[in-house]
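The paragraphs below go through one protein model part by part. Please keep the sequence and the structure open while reading.

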Amino acid sequence: MMSAPGCIPDNPPVTVPPVTASPQASKIQSFTASASSGKAPLSIALSWSVSGTGPLTCELDTDGNGSVDITITDCPSAGSRPTTLVSVGTHAPVIRVSGPGGVATRTTTITTSAAGDDRFDIDIVPLEGAGAYQSEIDAAVARWEAVIHNGLNDSVLKLPADYCWSKGRPAEDLSVDDLAIEIKIAPDDGPGGRLGSAGFCYATGGMPRYGAINLDVDDVARLRASGRLVDALTHEIGHVLGIGTAWNFGGRTLLVGAGTGDPRFSGPVAVAAWATLGGSAAVPVESEGGEGTADAHWRESTFDDELMTGWLSGPVRPLSIVTVASLADLGYSVDLNGADPFSTAPSMRAFGLNGERHEEVAHVELFNPQNRP
Ligand SMILES: [Ca+2]
Ligand SMILES: [Ca+2]
Ligand SMILES: [Ca+2]
Ligand SMILES: [Ca+2]
Ligand SMILES: [Zn+2]
């Protein structure tokens, strides 16, 4: 409608303001690290809580060097991602959240110190039958030693007689650099079924220092012939390190929902690692397989061929970022970059399925470990 200059129309049009509400400002309620200090390499979870009109995009500069390392579109209001701080010094990771309501940034600070020369070393105590499998044992040990970087304080363990599985051995004071493991190849439940069992018997400060592995003498030749013996041993060493055995030991409460149909591992670094695989909430833990399998492995129906599932399945068994991160939650100095490539994508999982996935179980041995200062 037009009106002549200088004229006031009788009935001016009613102007209705647009109903578009102004977007809620992008805000960061919190941005925290799961540890504020530690020895390098230090693996941590960076966790955030953000709000604002979406969709929000979160950008993480995990090492604080000015360049973005992780971009998360449709950023959830609460989430986390893992990172490993490799260098020594002060680190200042940054989160930047952006959306229709603008941009917000926040930083957090983590200090890493030098670890010294002590690498994490696993010493093997070979018992009956183990000598014939030295090369496979060495390969399994090397796999973990490549992932766990820093050693523990040297300790003298006061082992009682007949300790762990060393029947007939007298009491002794044993100097342990980091971790010692007895391995024996002895009868268990016959061919198939249980392949092996493992756990730790002695800890200092909640960290396993002495443990034991038994591989079933009726399965070991077949495992070697099919190229799976190193993975079976690697799996069992994982239990001695505390996977599935120390989750709720030494003051930890990392396993939640034990004994239910939905147990989960709640360690923050593993939960953040699980998010990088597309997971949400805590890490699914096995609920099937009975005592020794349930509540002590990653869930087979989710993680399939991953090394620390309760069934030794698939053509290859990756040591995933979730497993490495879970060691950080236990207190080990690990580099997440040492994990094998792994995906829970259906196409990958279908490739890994095979007929024997539910035939072979690797149990944890539920020792009643001592925990000394
Ligand atoms: Ca960066
Ligand atoms: Ca050492
Ligand atoms: Ca068996
Ligand atoms: Ca499996
Ligand atoms: Zn196992």
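Domain bounds, as used here, come from an automatic or database domain assignment. By that assignment the protein is divided into domain 1 (27-113) and domain 2 (122-372). This is a predicted model, in which local features need pLDDT of at least 70 and side-chain atom pairs count only at pLDDT 80 or more, while totals for chains, interfaces and linings use all residues. Residues are numbered from 1 along each chain as its sequence is written, and chains are lettered from A and ligands numbered from 1 in the order in which they are written.

The centres of the two domains, taken over C-alpha atoms, are separated by 31 Å. Two residues are in contact if their C-beta atoms, placed from the backbone, lie within 7 Å. On that criterion, 14 residues of domain 1 are in contact with 16 residues of domain 2. On the side of domain 1 that touches domain 2, β3 (42-51) and β6 (78-85) each supply at least two residues. Helices (H or I, at least four residues) and strands (E, at least two) are DSSP runs, numbered from the N terminus. The same side of domain 1 has six nonpolar, six polar and two charged residues; Ala, Val, Leu, Ile, Met, Phe, Trp, Tyr, Cys and Pro count as nonpolar, Asp, Glu, Lys and Arg as charged, and the others, Gly among them, as polar.

Next come the strands of domain 1. Two strands pair if DSSP finds at least two bridges between them. Strand β4 (residues 57-61) is joined to β8 (residues 94-99) by five bridges and runs antiparallel to it, with Val 97 as the bridge partner of Cys 58. Three bridges join β4 to β5 (residues 70-72), again antiparallel, and here Leu 60 stands opposite Ile 70. In a regular strand the side chains alternate between the two faces of the sheet. In β4, Cys 58 and Leu 60 point to one face and are buried, whereas Thr 57, Glu 59 and Asp 61 point to the other and are not. A residue is buried if 20 or more other C-beta atoms lie within 10 Å of its own, exposed if 12 or fewer, and partly exposed in between, with C-beta atoms placed from the backbone.

An open sheet of three strands has the order β2-β10-β7 and mixed pairing. Its edge strands, each pairing on one side only, are β2 (37-39) and β7 (89-91). Three bridges join β7 to β10 (residues 110-113) in antiparallel fashion, and Gly 89 stands opposite Thr 112.

Most residues other than glycine have a negative phi, and most peptide bonds are trans. The bond between Ala 40 and Pro 41 is cis, with omega about -5°, and Pro 41 is found in the loop between β2 and β3. The bond from Gly 54 to Pro 55 is also cis, with omega near 0°; Pro 55 lies in the loop between β3 and β4.

What does helix α4 (residues 268-276) pack against? Eight of its nine residues are buried, and these pack against β3, β6, β18, β19 and α6 (321-330). One of the buried residues is Ala 273, which touches Pro 82, Ile 321, Val 322, Ala 325 and Leu 336, not counting residues up to four places away in sequence. Just after the helix, Gly 278 takes a positive phi of about 95°. Ala 281, in the loop between α4 and β19, has a phi near 65°, a positive value in a residue other than glycine. Ala 281 counts as exposed because it has 11 C-beta neighbours inside 10 Å.

Strands β18 and β19 belong to an open antiparallel sheet in the order β17-β18-β19. Two bridges join β18 (residues 264-265) to β19, and Phe 265 stands opposite Val 283.

Val 283 and Ala 273 are among the five residues that touch the most other members of the largest nonpolar core, which has 93 residues. A nonpolar core is a set of buried Ala, Val, Leu, Ile, Met, Phe, Trp, Tyr and Cys residues joined through C-beta atoms within 7 Å. This core draws at least three residues from each of the two domains.

Last is a charged residue in a loop. Glu 306 is placed between α5 (300-303) and α6. Is Glu 306 buried or exposed? Glu 306 is buried, because 23 other C-beta atoms lie within 10 Å. Leaving aside neighbours within four places in sequence, its contacts are Trp 298, Arg 317, Pro 318, Ser 320, Thr 323 and Phe 342.
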